[in-house]
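Q: Please take a close look at the packing of this chain, beginning with its core and going on to single positions in the strands and loops. A connected account would be the most useful form.

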Amino acid sequence: AITRMPTGEIFLQGLGVATAPHTILWSSSPATGFSYLGSDTSDATGAVQFSDGTANAATKRFYKVTFP
C-alpha cells in the first residue's frame, strides 16, 4: 500500500520475507532507473513499513522493494 500522509510524506507498506532486511528504492520514472531511499527489516509476519519524508514536493514517484 502507498499512502500520502497529511504532511506530504509517503507511507509504504508491503509484505516480504519474514525478519529480513529489505531495500527501498525510488524513481521519478521507471525508465530512468531507481535510487536508494532506505532499508527496513520486516517483522515476523514479513510486513515491511517505510516512510518517505523526501516525497513532500514530489508529484509522482515509483517505488521498488528488494530482498536481500
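A: What follows starts with the basis of the model, turns to the core, and then goes through individual residues.

The model is predicted, and for that reason local features need a pLDDT of at least 70 and side-chain atom pairs count only at pLDDT 80 or more, whereas totals for chains, interfaces and linings use all residues. Residues are numbered from 1 along each chain as its sequence is written, and side-chain values use heavy atoms, with hydrogens and water left out.

The largest nonpolar core consists of 7 residues, namely Ile10, Leu12, Ile24, Leu37, Phe50, Ala55 and Tyr63. Such a core is a set of buried Ala, Val, Leu, Ile, Met, Phe, Trp, Tyr and Cys residues joined through side-chain atoms within 4.5 Å; buried stands for under 20% relative accessible area, exposed for over 50%, and partly exposed for the range in between, with a 1.4 Å probe and protein chains only. Tyr63 is in contact (heavy atoms within 4.5 Å) with several other members of the core, including Ile10, Leu12, Ile24, Leu37 and Ala55. Setting aside residues up to four places away in sequence, Tyr63 also touches Ile2, Leu25, Trp26, Phe34 and Asp52.

The framework around this core has 6 strands and 0 helices, where helices (H or I, at least four residues) and strands (E, at least two) are DSSP runs numbered from the N terminus; read along the sequence, the pattern is β-β-β-β-β-β. Of the contacts between residues at least 6 apart in sequence, 57% join residues at least 24 apart, and buried residues account for 26% of the 68 residues.

Glutamine 13 is placed in strand β2, which covers residues 10-15, and is partly exposed at a relative accessible area of 37%. Its C-alpha lies 6.6 Å from that of phenylalanine 50, although 37 residues separate the two in sequence. Beyond four places in sequence, glutamine 13 touches Ala1, Val48 and Gln49.

Aspartate 40, in strand β4 (residues 35-41), is likewise in contact with Val48 and Gln49, and it also touches Ala20, Pro21, His22 and the core residue Ile24, again leaving out residues up to four places away. With 24% relative accessibility, aspartate 40 counts as partly exposed, and its C-alpha is 6.6 Å from that of threonine 23, a residue 17 places away in sequence.

Valine 65 belongs to strand β6, residues 62-66, and is partly exposed with a relative accessible area of 48%. Outside its neighbours within four places in sequence, valine 65 is in contact with His22, Thr23 and Ile24, while its C-alpha is separated by 8.9 Å from that of tryptophan 26, 39 residues apart along the chain.

Among the loop positions, glycine 8 sits between β1 (2-4) and β2 and is buried, at 10% relative accessibility. Apart from neighbours within four places, glycine 8 is in contact with Ala55 and Asn56; asparagine 56 is 48 residues apart from it in sequence, yet the C-alpha atoms are 4.4 Å apart in space. Threonine 19, by contrast, is exposed with a relative accessible area of 57% and lies in the loop between β2 and β3 (21-27). The phi of threonine 19 is near 45°, a positive value in a residue other than glycine. In the segment after β6 is proline 68, which is joined to phenylalanine 67 by a cis peptide bond with an omega of about -10°.

Finally, the chain as a whole. A compact globule of 68 residues would have a radius of gyration near 11 Å, and the 12 Å of this chain agrees with that; the radius is taken over C-alpha atoms, and the globule rule is 2.2 Å times the number of residues to the power 0.38. Along its principal axes the C-alpha trace spans about 35 × 30 × 15 Å. The accessible surface comes to about 4,200 Å², with 59% belonging to carbon and sulfur atoms, as given by the Shrake-Rupley method with a 1.4 Å probe, where for residues only the protein chains shown count as cover. The mean positions of the 4 positive and 4 negative charges are 15 Å apart; Lys and Arg count as positive and Asp and Glu as negative, without His and the chain ends, and each charge is placed at NZ of Lys, CZ of Arg, CG of Asp or CD of Glu.
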